[in-house]
Structure formats: structure tokens, C-alpha cells
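I sat down with this one to look up a few things and keep notes as I went. The entries below follow the order in which I looked.

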Amino acid sequence: MEIRDNTGHPRRWAILGVLVISLLVVVLDNTILNVALRTLSDPVHGLGASQGELEWAINSYTLVFAGLLFTFGVLGDRAGRKRFLLIGLVLFGLSSLASAYAQSPGQLVAARALMGIGGAAIMPATLSIISNVFDPRERARAIGIWAGAVGLAVAIGPVLGGALLENFWWGSVFLINVPVIVLGVILVALLVPESRDPRPGRIDVFGVVLSVIGLVGLTYGIIDGGEHGFGRPLVWVSIVGGLAVLAWFVAVERRSEHPSLDVRLFKVPQFAGPVAIIGLVFFAAMGVLFFGSFYLQLVRGYTPLETGLLFLPFAGAQLIFAPRSAAMVRKYGGKAVAAVGLTLTVISLAAFVFIDAKTPIWIVLIFYFIQGIGMANIMPPATESIMSSLPREKAGVGSAISNTIRQVGGALGVAVLGSVLSAVYRGDVEPAVTGLPSQAQDAVKESISGAYAAAGELGPAAPRLLAVANDSFITAMHWAAALSALVAALGIVVALRWLPGRAGTPAPVREVTTTEPELAGSA
């Protein structure tokens with residue numbers, strides 16, 4: 001009890017509540033815009049945005065967010081995590097206001113990029129503050145609640161967006177952020193203590209610049225390839241160039257006397273293993289959630305609000321099981337809990353190989369619930385393993401790497417699985433559209449959304465076209481689901497090989513606590 005009083009903040013649970021509020025807004029914004037795209041394309045009720053402008057309204061946020069996560073985690077450790085959290089919240093609120101009242105698609109894209117900067121300051125600060133204010137014995141439970149909040153926000157974003165669009169104008173999906181941000185700023189200022197790395201050393205400016213350029217280049221190539229195909233030279237220049245710059249970053253960090261990231265951490269299984277698991281599982285899961293939205297709205301005919309509600313079993317499972325994962329880890333060990341969670345995730349992803357246009361919807365909901373259970377028991381033990389492998393003063397590094405890998409993994413999953421989906425769909429649907437007008441052929445071959453748009457102008461031929469498009473999409477979905485399940489299955493191998501066992505086993509704890517300060521001390 002004495003150790004807990006000395007290492008845990010007296011208001012730690014209230015602080016956790018404030019951090020969850022801050023986190024919800026950021027993660028919600030990753031998903032809430034998707035249901036507003038049709039409205040934004042309307043020249044009367046929206047902004048008359050083109051397809052490319054709509055894509056960049058989403059991707060400008062993701063690109064900036066993923067590119068700056070690591071840098072802001074490192075800078076927050078040095079300048080103060082509370083300070084960075086407040087700056088991020090204020091910027092996120094102001095840019096949300098600007099997004100809500102944007103007068104053109106270009107203004108919306110720019111405002112969304114500013115939101116990405118604010119989100120990148122908020123996300124790593126929340127997790128590093130948790131590591132700072134909680135005793136190590138309570139930290140796993142706190143991270144479980146944090147992870148449950150992430151899952152909840154991912155799933156309720158489309159629900160909230162659909163409900164707002166049914167009652168208000170499109171800007172309400174951004175304006176809803178403002179009062180929550182105001183509340184968050186007040187509570188953070190009153191409750192959250194300031195913390196920073198007591199031995200920050202010099203800022204590794206060159207390393208920080210390299211990390212930003214490398215991550216932005218890689219993420220841009222992933223996103224652009226997913227949208228326009230991976231056959232264009234620009235895509236591979238961005239991807240290969242981004243990877244080359246990141247390799248340069250690693251080389252610079254290995255030689256630096258004041259590195260922003262001690263790359264020797266990746267030699268520690270307790271750190272590197274869960275980082276790999278997070279990347280693999282978000283690659284698989286976000287790709288499936290991406291094509292699942294098209295399946296529910298177009299093939300099954302549900303409205304955006306109904307589609308959002310159908311994702312609630314995924315959110316409910318996260319809410320129920322993520323906070324309880326810490327107790328499971330204490331009883332069975334992080335290796336076993338994460339492996340079981342990954343197995344459940346693989347089962348739920350593989351189930352989409354057998355789902356078609358006539359599958360009873362309750363079966364789909366069951367597999368969403370199973371996926372939620374699986375991910376609820378992956379993220380907490382993986383995140384706890386990462387954070388416990390670092391001393392508290394380096395918490396921002398662990399948080400930033402964890403969140404960066406999650407964002408890049410998710411973007412890569414949407415891009416790669418989306419490309420597989422598009423390629424299989426086009427190959428399957430092409431023979432059936434040869435007799436259509438050239439403009440209709442192009443629309444149908446582009447995507448299932450294009451097929452539904454073209455069907456509105458084809459009269460009696462529309463039902464046959466939609467049936468062919470649905471069948472082709474289902475075939476493509478099966479291929480993408482199989483690939484996602486294989487990727488998630490790699491996570492099982494990583495967990496069994498490199499994740500630590502029972503949390504209470506003395507030897508691994510002593511090894512990490514004696515090794516990691518030596519590794520981090522060079523920073």
C-alpha cells in the first residue's frame with residue numbers, strides 16, 4: 001500500500017476520466033465523417049465536393065495525424081505532457097469550428113489537416129499521462145479502460161454522425177466536438193498534473209525532421225495507392241522514399257548521443273513484440289471495417305444511421321471486455337490473453353469469407369461482437385507490455401510509437417485490402433458490363449458505389465446490373481477477408497513467441513526494469 005501511495009496520483013481515476021473524454025473526440029473524428037460524404041457531395045445541401053476532394057477531406061486528417069504522432073510524443077515528454085494536451089485540445093476545437101463552417105471543399109481539407117495536428121498532440125499525451133499517474137499494478141486496468149474508449153469511439157462515430165445528419169446540417173458532425181473540447185480543456189487544466197522527462201537532453205531536431213518526412217511519405221504512398229492503384233510511379237516513389245528516410249532515421253538515431261528514439265528498444269521482446277501485434281491487428285481489422293461499411297449500406301441496403309447501429313456489438317464487446325482484460329492478464333498472463341484475443345479476431349475476420357448478400361444479419365452481428373471481444377483482449381496487454389518496458393519519464397515515446405504503428409497499420413490495411421477489393425471487383429464485373437454505354441461502364445468498373453449511381457439511369461437494366469455488382473463485390477470481399485485473417489494470424493505467432501507470460505512472474509519484470517533505464521538513459 002505504501003508503494004502505491006508513493007507512485008500513484010491521488011486523483012488518478014478522475015484524471016483517467018478526463019483523458020478518456022479528450023480521447024473520444026479524436027477517435028470519433030476518424031470515423032464520423034464517413035457517413036457525411038454523400039451530403040458533402042451535394043451542391044445544394046453540402047459543398048458540392050468531388051470524389052477526390054472527399055477522399056482528401058478524410059486523408060488530410062489521417063496523413064498529418066500519423067506523420068506527427070511520434071514527433072509530438074517525443075516533444076511532449078520534453079516540453080510537458082499536460083501542456084501539449086491543452087495545446088492539442090484548443091487547436092482541435094478551433095479547427096473543428098473551422099471545418100463546420102467551411103465554405104468550400106478546399107477549406108474543409110485544410111481545416112481537417114489542422115485537426116490532424118491537434119489530434120497528434122492529444123493522442124500520445126493521454127497514454128503517457130496514464131503511465132505517469134498510475135501505479136504499475138493499476139496501470140494495466142487503466143489502459144484497459146483507455147483501450148475500451150478507443151473501441152467505443154470507433155464504433156459510435158458512424159452512429160452519432162448518422163443521427164446528426166438526420167436532424168441537422170452537415171457541419172454538425174464537426175460542431176459537436178466544440179462543447180466537448182471546452183469541457184475537456186477546463187477539466188485538464190484543473191485536474192491533470194504536469195509531467196515531463198526529467199533528463200530530456202538536447203532535442204534531436206534532425207531525427208525529428210527525418211521521422212516526419214519518412215512517416216508522411218510512407219503514409220501518403222499507402223493512401224494514394226489505395227485510392228488510385230499501386231501501378232503509378234508516384235506511389236512507389238513515396239513508399240520507397242518514405243521507407244528509405246525512415247531507415248536513415250534509424251541509422252541517425254543509433255549514432256546520436258541524444259536520440260529522440262533509442263532504437264535499441266526494438267531488441268527488447270517486451271517492446272518490439274506488442275508493437276508488431278498492434279500493427280498487424282489494425283491492418284486486418286480496419287480493412288474489414290472499411291469494406292464492411294460498403295457491404296451493409298449498398299449490398300444490404302441499410303442507411304448510414306442503421307449501419308452505425310449495426311457496429312454497436314463491436315463497441316459493446318470492447319466496453320465489456322477491455323476493462324476486464326487486466327484481471328485476465330494477471331490470472332493467465334499477457335501471452336495467453338493476447339493469443340486468445342488474436343484467435344477470436346482471426347475467426348471473426350475469416351467468417352466474412354462465408355458471408356453473402358442473404359446471410360441473416362444477426363450472424364454478421366455475432367461476428368462483429370466476437371471481433372470486439374478479440375480486440376478488447378489484444379490492445380490492453382499489448383499496450384501495457386509496451387508501456388511497462390519503459391520508465392515513466394519515457395512514456396511519451398512508447399505511447400507515440402504504439403499510436404503511430406496503429407495509424408500506419410490501419411491506413412495500410414485500408415489501402416492494401418481496398419486495392420485487393422477493387423482489383424477483384426473490377427476483374428469480376430468487367431465481363432458483365434460490355435454492353436453498357438462507356439460512361440456507365442467506367443462508373444460500374446470503378447466501384448460498387450459507381451454501379452449504384454449508374455443504375456439510376458439505366459431503367460429496366462438496373463436490377464440485373466445491381467445483382468452483378470453485388471455478386472462481384474461479395475467475391476472481392478471474400479478475398480479481402482481471407483487476406484485480413486492471414487495477417488491477423490501472424491499476430492498469433494508473434495504473441496506466442498515474444499509477448500511476456502504471466503504478469504506476476506518475477507524474472508521478466510526484473511529483466512525489463514534493469515535493462516530499460518540503461519537503454520533509455522542515453523536519451
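**Notebook: burial, helices and ring pairs**

I started with Ala481, which is buried, with a relative accessible area of 0%. Its place is in helix 22, residues 462–498. I then looked across to Val420: the two C-alpha atoms are 9.9 Å apart in space, while Ala481 and Val420 sit 61 residues apart in sequence. A reminder to myself that this is a predicted model.

**Entry: the core**

Which residues touch the most other members of the largest nonpolar core? I found Ile130, Phe291, Tyr295, Tyr425, Phe473 and Met477, out of 132 residues in that core. Then I asked which helix gives the most to this core. That is helix 12, residues 269–299, with 17 residues.

**Entry: helix 18 and its surroundings**

I went through helix 18 (residues 379–388) residue by residue. Ten of the ten residues are buried, so the helix is largely enclosed by the rest of the structure. My list runs Met379, Pro380, Pro381, Ala382, Thr383, Glu384, Ser385, Ile386, Met387 and Ser388. I noted that Glu384 is among the buried ones.

What does Ser388 have across from it? I looked up Ser131, which is found in helix 6 and counts as buried at 1% relative accessibility. Ser131 and Ser388 are 257 residues apart in sequence and 8.4 Å apart in space, C-alpha to C-alpha.

I also checked Ile378, in the loop between helix 17 and helix 18. Ile378 is buried, with a relative accessible area of 0%. The C-alpha atoms of Ile378 and Ala322 are separated by 8.7 Å, and the two residues are 56 residues apart along the chain.

**Entry: two helix lengths**

Helix 11 (residues 233–255) came next. I get 33 Å from the first C-alpha to the last over its 23 residues, close to the 33 Å expected at 1.5 Å a residue. Its buried residues are Val235, Ser238, Ile239, Gly242, Val245, Leu246, Phe249, Val252 and Glu253.

I picked out Phe249 in helix 11 for a closer look. Buried or exposed? Phe249 counts as buried, at 6% relative accessibility. I find 5.6 Å between the C-alpha atoms of Phe249 and Leu210, which are 39 residues apart along the chain.

I ran the length check on helix 16 too. Its 18 residues should span 26 Å at 1.5 Å a residue, and the end C-alpha atoms are 26 Å apart, which agrees. Buried in helix 16 are Gly334, Val337, Ala338, Ala339, Gly341, Leu342, Thr345, Val346, Ser348, Leu349 and Ala351.

**Entry: aromatic pairs**

How many aromatic pairs does a search of the whole structure find? I get seven. I wrote up two of them.

One is Tyr101 with Trp169: the ring centres are 5.7 Å apart and the planes are at 40 degrees, so the pair is tilted. I placed Tyr101 in the loop between helix 5 (81–100) and helix 6 (105–133), and Trp169 in the loop between helix 7 (136–167) and helix 8 (172–175), so the pair ties together parts that are 68 residues apart in sequence. On accessibility, Tyr101 counts as partly exposed at 46%, and Trp169 counts as partly exposed at 37%.

The other is Phe352 with Tyr368, also an aromatic pair that is tilted, at 5.8 Å centre to centre with 55 degrees between the planes. Phe352 lies in the loop between helix 16 (334–351) and helix 17 (361–376) and Tyr368 in helix 17, so this pair ties together parts that are 16 residues apart in sequence. Phe352 is buried, and Tyr368 is buried too. Looking around them, I found that Phe311 joins Phe352 and Tyr368 in one aromatic cluster.

**Entry: a surface patch**

I finished on the surface. Leu97, Tyr101, Phe168 and Trp169 form a nonpolar patch there, with about 430 Å² of accessible area together. Tyr101 and Trp169 are the tilted pair I had noted above, and I now have them down as members of this patch as well.

Methods
Residues are numbered from 1 along each chain as its sequence is written. This is a predicted model: local features need pLDDT of at least 70, side-chain atom pairs count only at pLDDT 80 or more; totals for chains, interfaces and linings use all residues. Side-chain values use heavy atoms; hydrogens and water are left out. A nonpolar core is a set of buried Ala, Val, Leu, Ile, Met, Phe, Trp, Tyr and Cys residues joined through side-chain atoms within 4.5 Å. Buried means under 20% relative accessible area, exposed over 50%, partly exposed in between (1.4 Å probe, protein chains only). Helices (H or I, at least four residues) and strands (E, at least two) are DSSP runs, numbered from the N terminus. The expected span of a helix is 1.5 Å times one less than its number of residues. Rings of Phe, Tyr and Trp (its six-membered ring) pair if their centres lie within 6.5 Å; planes under 30 degrees apart count as stacked, over 60 as edge-to-face and the rest as tilted. Patches are made of residues with over 30% relative accessible area and no salt bridge: like charges are joined within 9 Å, nonpolar side chains (Val, Leu, Ile, Met, Phe, Trp, Tyr) within 5 Å. Accessible areas come from the Shrake-Rupley method with a 1.4 Å probe; for residues, only the protein chains shown count as cover. A salt bridge is a side-chain nitrogen of Lys or Arg within 4 Å of a carboxyl oxygen of Asp or Glu.
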